[in-house]
Amino acid sequence: MNIRHFLRMARWARNPPSERRVKLVFAIIAICLVVFAFERVFGWPDWMTLGNTPKGRMTR
């Protein structure tokens, strides 16, 4: 682990995030899991699939 990680952990230990921020993070994670589960059960919709995408490396 980098020293930066230890410094961040120490700062969080001294000033933990608010209860509102923790709830927000858990809500975002829950939404992501619901979207992932929906996609796994029902599949990817055809209208969201790109057509005629080039194979290989893309250049400008």
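Select residues 19-42 to begin: helix 2 has 24 residues and spans 34 Å from its first C-alpha to its last, close to the 34 Å expected at 1.5 Å a residue, where the expected span is 1.5 Å times one less than the number of residues. Helices here are DSSP runs of H or I with at least four residues, strands are runs of E with at least two, and both are numbered from the N terminus. What you have open is a predicted model, in which local features need pLDDT of at least 70 and side-chain atom pairs count only at pLDDT 80 or more, while totals for chains, interfaces and linings use all residues. Residues are numbered from 1 along each chain as its sequence is written, and side-chain values use heavy atoms, with hydrogens and water left out.

Stay on helix 2 and colour it by accessibility, taking buried as under 20% relative accessible area, exposed as over 50% and partly exposed as in between, with a 1.4 Å probe and protein chains only. The number of buried residues among its 24 is 0, so helix 2 lies largely in the open.

Next, show the side chains of E19 and K23, which lie in helix 2 at 4 residues apart, about one turn of the helix. They form a salt bridge whose closest N and O atoms are 3.3 Å apart; the term requires a side-chain nitrogen of Lys or Arg within 4 Å of a carboxyl oxygen of Asp or Glu. Both E19 and K23 are exposed, and the structure holds 1 salt bridge.

Move along the helix towards its other end, where the 1 aromatic pair found in a search of the whole structure is to be seen. F38 and F42 form this pair, which is tilted, at 4.7 Å centre to centre and 50° between the planes; rings of Phe, Tyr and Trp (its six-membered ring) pair if their centres lie within 6.5 Å, and planes under 30 degrees apart count as stacked, over 60 as edge-to-face and the rest as tilted. F38 and F42 are 4 residues apart in helix 2 and so are separated by about one helical turn. An α-helix has 3.6 residues a turn, so residues three or four places apart point the same way. F38 counts as exposed because its relative accessibility is 51%, and F42 likewise counts as exposed at 62%.

Now select G43, just after helix 2, which takes a positive phi of about 90°.

Turn then to residues 3-14, helix 1, which has 12 residues and reaches 17 Å from its first C-alpha to its last, close to the 16 Å expected. Of these 12 residues the number buried is 0, so helix 1 lies largely in the open.

Finally, zoom out to the whole protein chain, which contains 2 helices and 0 strands, and in which buried residues make up 0% of the 60 residues.
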